[in-house]
Structure formats: C-alpha cells, structure tokens
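Trainee: I'm new to this structure and would like a close look at one part of it. Could you pick out a helix and walk me through how it sits among its neighbours?

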Amino acid sequence: MLHHRTSLTAFSVLLGLCTAAPAAAQAPAWAPADLLAAAKAEGGTLTVYGSMNEREALPYYKIFEDATGIKVTYVRASDTALFSRILIEHRARQRTWDLVVTTPVNRLPDEVLMQFEPAQAKETIPQSHGPNKRWYGVYSNYNTPAYNTNLVKKEELPKTYEDFLKHKEWAGKVAIDKSDTEWLSAIFAHYGEQRGRKLAQDLATTLKPVLTEGHLLLARSVGAGEYAVALNNYTNLTINVKLGGAPSDFWVLDPVALIFGSVGVNSQAPHPKTALLATNFVMSKEAQTFLTKFGRLPTRLDVETNPPGVMKQLHEKKVLPAVFSADEQKKWNTVFNEIFRPR
C-alpha cells in the first residue's frame, strides 16, 4: 500500500520558517486555552491521514503548527488506500493516527471514529454534520459537468442532462470518473428511478463516456483538451484547473449532487485532545478561507468562494446531498457499473 508521509516541521525548515508561534501571539478563536493546554500535554504531535495533495495540505497544516507549536505528520494516500489501512490498523489496535480528513469518512464503521462536537461546527451548514456526531464536512464537493472552453462554445452547452443526447458528435470525447455514484444517485432521485435509469443508459449509449480514475485527473484532462466535456466532476476541481490557467469551466444542471470532504477522530487516537483541537482548526474560517485559494468550496456560510458567487450559481439548482453508508456505496457501485462499464 502506497502512502506519503511528510513531517511539516521539516517542510517549514526548508522554507526557512519557524514552526512555533511567537510567545506573545494571541491564540486564534478555534484554539481555546483549555483545549490547547490539554493538547500540548499529550506531547505536542499530531498524525493526520488524508487524501489532499501536498501542495495544499503542507501549508494548510503549517497554519495549525504555527498557531499551536504542535508538530503535524501528514500521511497522504488515495481514499481507497486510506480506508483499507484504517480498517486494518483498527482491527490490529494499532494507535497510529489521530485525525482523518478525506471524502469517505462517513463510510467508516462507527467503532473506528470517536463521537465529538467541535465548537466550530455551529458555523457550518447542517447538511455537513454526520447524524451520529462522528464526522463533519470540511469542504464541499458539488457535482457539475465541465468543459474545455477551446473545444466547446458556451452557447452549445446542454440546458439539461437530456440535452446531452442531442450531441452525438461528442461520443468518445466525454469522460466521467468511474466512482461517480453520488451523481448517479442524484439523477435517480431527481428524475425518478425508472426515468433516471433510462436517461443514464441513454447517456452511456449515445456519448460512450470514457471512465477515468480520479476526479483531479479528470479535471486536468478536460483542461488539457484530452476530453471536450466531463459529464460530471467535482466543481472545486474544475475551478482549481481554471485558476491554474487552463481553458476549462463548469456549468450547473439539475440535479447537483453534494458530498463532503470530512474530518473524523480515531477512537483509538494516541493524541485525542490534539485531534479535537485540530477538528476546530479544519472547520475554522481561517482554514476554510485558505482552501478557497485552490478553488475548494467551504462548508461555512461566512466564507466566500474563489471566484466569488459560485455558491449562488450552484444553489440556483436542486442540490441533493448524497452521503452513503458502506452498504449503500456497494449498491450504487453495482448500478453504476451496470450502466457505464463497457461490455
């Protein structure tokens, strides 16, 4: 199993920066004195498992280091690899990690995650709160189609998903991530199961979409012109590629599936108080504002998107949160493969 382990202290040294906050600096609102003291008493270290790329994650967690003096070790892997690793380590009772920040946190068994209720959660949208208080949304993954602006004119964009069927010339030039089950479930919910299934099957037959692995790869491939259109992708990744200068953009159709990159705390965390302090950080206005630099979309209502106004565009359409249990995920994987896997 491949993963990436990075000490942020070493990263700070390379930048010529000091990881400890100045003694006179005022603690941020997300770091109450009692919780900060309890965290420091645990030894001053934190291990985070996550899927966020290092370009974002290292400076992101360095904000936490600078404010608290607590050293962060960041272990990066894909969602699938992290999920498997966490389950194996839990069964072996290996107390190796404190915090996890990635998309399928909600699918981890309850016994793997501690129940918690961070103060900063009250500032985030209610849909991003796990019903059993074991996970909370840190960033929002809205699902919308995307296109290469050099290959497709804005006036040619479909107004509905049915309109895609008018573009037979796009066959083979359209792609979708092979794990886009939340998008498919939203199609079924919006159109009804029978009509939604037929629409999805017609899209697969007419457009012959290429199945890709990884939403960031898909966003970059559309930006590079490898595909003219993404039938669906995470809006924030399309924005990320666009902010990097690529000729790519998104447009919004009904329905808009919504899932979250979420935070959870290990029920066997070696540094539980430090992990709870870090949950406050990742949901803070400071942390979520930082992530908008890369196009990520906040779960807080008091953080503006980059570029501004994205949330207004998205919520002009029907937004359907799609948070699956592990069993529901298996079901939708089967349905997706039945429709989109080439035979």
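**Helix α2 and its neighbours**

Mentor: Happy to. Let's set the scene with two helices that α2 touches: the axes of α3 and α9 come within 11 Å and cross at roughly 120°. That angle falls in the oblique range, so α3 and α9 are oblique to each other. As for handedness, α3 passes α9 in a right-handed crossing. On the α3 side, the contact is made by Y60, Y61, I63, F64 and T68, and these meet T274, L277, A278, F281 and V282 of α9. Sorted by class, that contact has 8 nonpolar and 2 polar residues, with no charged ones. Keep in mind that this is a predicted model.

Now for α2 itself, which covers residues 33-41; its buried residues are L35, L36 and A39. Those three span an arc of only 100° around the axis, which means they lie on the same side of α2. Turn to the other side of α2 and you'll find A33, D34 and A41 exposed. So what do the buried residues of α2 pack against? They pack against α3 (54-68) and α9 (272-282), the pair we began with.

Let's zoom in on α2 with α9. Their axes come within 7 Å and cross at roughly 135°. This crossing is oblique too, because 135° is neither in the roughly perpendicular range nor over 145, where roughly antiparallel begins. In contrast to the right-handed crossing of α3 with α9, α2 passes α9 in a left-handed one. From α2, the residues making the contact are L35, L36, A38 and A39, while α9 brings K273, T274, L276, L277 and N280. By class, you get 6 nonpolar, 2 polar and 1 charged residues here.

Put the two contact lists side by side and you'll spot some shared names: T274 and L277 of α9 appear in the contact with α3 and also in the contact with α2. On the α2 side, the buried L35, L36 and A39 are all among the residues touching α9.

One last detail, at the end of the helix: α2 is followed by G43, which has a positive phi, near 120°. For background, most residues other than glycine have a negative phi. Elsewhere in the model, R93 has a positive phi of about 55° although it is not a glycine, and you can find R93 in the loop between α4 (79-91) and β4 (99-102).

Definitions and conventions. Residues are numbered from 1 along each chain as its sequence is written. This is a predicted model: local features need pLDDT of at least 70, side-chain atom pairs count only at pLDDT 80 or more; totals for chains, interfaces and linings use all residues. Side-chain values use heavy atoms; hydrogens and water are left out. Buried means under 20% relative accessible area, exposed over 50%, partly exposed in between (1.4 Å probe, protein chains only). Helices (H or I, at least four residues) and strands (E, at least two) are DSSP runs, numbered from the N terminus. The arc is that of the directions from the helix axis to the C-beta atoms. Contact means heavy atoms within 4.5 Å. Axes are lines fitted to C-alpha atoms, for helices over the stretch in contact, and angles run from 0 to 180 degrees between N-to-C directions. Angles under 35 degrees count as roughly parallel, over 145 as roughly antiparallel, 65 to 115 as roughly perpendicular and the rest as oblique. A crossing is left-handed if the near helix is turned anticlockwise from the far one by less than a right angle, and right-handed if clockwise. Ala, Val, Leu, Ile, Met, Phe, Trp, Tyr, Cys and Pro count as nonpolar, Asp, Glu, Lys and Arg as charged, and the others, Gly among them, as polar.
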